[in-house]
2 protein chains.
Amino acid sequence: MNPELEKVRDSFIETMGQLSMSLGLSQVVGQLYALLYLSNKPLSLDDMVEILEISKGNASVNIRELERWGAVRRVWVKGSRRDHYESESDVLKVVLNRLKDGLQRRINNTMDAIGKMSELINEGKKEFSATEKKTAMIYIERLNEIKEFRSVIRGFLRNVSEFIPEKDKLQRRS
Amino acid sequence: MNPELEKVRDSFIETMGQLSMSLGLSQVVGQLYALLYLSNKPLSLDDMVEILEISKGNASVNIRELERWGAVRRVWVKGSRRDHYESESDVLKVVLNRLKDGLQRRINNTMDAIGKMSELINEGKKEFSATEKKTAMIYIERLNEIKEFRSVIRGFLRNVSEFIPEKDKLQRRS
DNA sequence: TTAATTGTTTAGAACCTACTAAACATATTA
DNA sequence: TAATATGTTTAGTAGGTTCTAAACAATTAA
């Protein structure tokens, strides 16, 4: 392969690896995707292992991760016994959905915990001394403030949903 | 302190620490903020060190982090030589701005890299063989697809900006 | 000026994550 | 059936991050 083109390809792989990392995913996930994204034909695990110079196990685990959330598709290649993969075209959608779901889950966890704490305070209330009651009041106030965020966040998530582009607006692949 | 209330406080601190971590920040950052958020008076470093049972160095570094991005404010407490801190009320705004800026920076980095790659291909073009030209074509096509995302992302970020609530809509502190 | 108080920096320890190499499981061919 | 090809799982390791303890710096008090 032409060394100039190889340099470009490797830069792209590097850039996408970094982007992946900065989004809280592993570097290799981004690199694998980048590789498939640039390729005009499906690649096997061994192809990827060779180009990225990583272990087979590493590639295996990370390609399954990509597959699991629909960024990559396993395809059959005539005459080969190996699994081959190609990139899915609407990654943006997939990525945003992932971010959204993640945020949603985190918020839900947080809100559940907050709810439990409110209950706990209300249960203990009766036996509180005057000072303790004052503290409890403040806690309840703060917890309620957080609860109010829930609707705000909900609005935000709706916003994100609306933003996620339709598949057919981003056509790909010759 | 009442053990029930202490339990609630510690749950809150734990929850916020986890939320912080899941947003890519350090656990202690979230815990420190949570502590100040619940407190009805400013706290000193040593107060926080004692409650969270962490080292002074750790607290120092992380409280400065919080201060640096405006989630926490250093306040003067009469008769004490120590620095005291209290939580800023519009954290949601601060957090969303941070997320936005972070995304923006990442996208810019990515786009810069993509631009450089396009140039590199165009420079080398002349001496490419037929096969290499075909590969180069594909690369250029893919890079352009990515470039198109820029405007989409820009739209999204505008969306986020609009979403960020005004300070006075979320009043706090008695 | 010395001693005490307080916040910051740093060297090393503890911890966690992601990787490799090798063993393993499964399917295919001979 | 044995031999080969392929993907997955796992034990151990390497590298990076974050923490602590202690040294340090700077300020205040005696």
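How far from a phosphate oxygen of DNA strand D does a polar side-chain atom of Arg82(A) lie? In this predicted model, the separation between the two atoms is 2.8 Å. A polar side-chain atom of Arg64(A) likewise lies 2.8 Å from a phosphate oxygen of DNA strand D. Lys56(A), by contrast, directs attention to the bases: a polar side-chain atom of this residue is placed 2.7 Å from a base nitrogen of the strand.

The surface near DNA strand D receives two or more residues from each of two elements, α4 (56-68) of chain A and α4 (56-68) of chain B. The largest share, 4 residues, is contributed by α4(A). In total, 15 residues surround DNA strand D, and those that come nearest are Lys56(A), Ser60(A), Arg64(A), Arg82(A) and Ser55(B). By class, the residues of this surface comprise 7 charged, 5 polar and 3 nonpolar. On the side of the nucleic acid, sugar or phosphate accounts for 74% of the atoms of DNA strand D within 4 Å of the protein, and bases supply the rest.

Helix α4(A) also packs against another helix of its chain. The axes of α2 (residues 27-38) of chain A and α4(A) come within 9 Å and cross at roughly 75°; the two helices are therefore roughly perpendicular to each other. From α2(A), the residues in contact are Val28(A), Val29(A), Leu32(A), Tyr33(A) and Leu36(A), which meet Asn58(A), Ala59(A), Asn62(A), Ile63(A), Glu65(A) and Leu66(A) of α4(A). This contact between α2(A) and α4(A) consists of 8 nonpolar, 2 polar and 1 charged residues.

Terms used:
Residues are numbered from 1 along each chain as its sequence is written. Chains are lettered from A and ligands numbered from 1 in the order in which they are written. This is a predicted model: local features need pLDDT of at least 70, side-chain atom pairs count only at pLDDT 80 or more; totals for chains, interfaces and linings use all residues. Side-chain values use heavy atoms; hydrogens and water are left out. A residue is near a molecule or strand if one of its heavy atoms lies within 4 Å of it. A polar contact is a pair of N or O atoms within 3.5 Å; within protein, one must be able to donate a hydrogen and the other to accept it, and residues adjacent in sequence count only if both atoms are side-chain atoms. Ala, Val, Leu, Ile, Met, Phe, Trp, Tyr, Cys and Pro count as nonpolar, Asp, Glu, Lys and Arg as charged, and the others, Gly among them, as polar. Axes are lines fitted to C-alpha atoms, for helices over the stretch in contact, and angles run from 0 to 180 degrees between N-to-C directions. Angles under 35 degrees count as roughly parallel, over 145 as roughly antiparallel, 65 to 115 as roughly perpendicular and the rest as oblique. Contact means heavy atoms within 4.5 Å.
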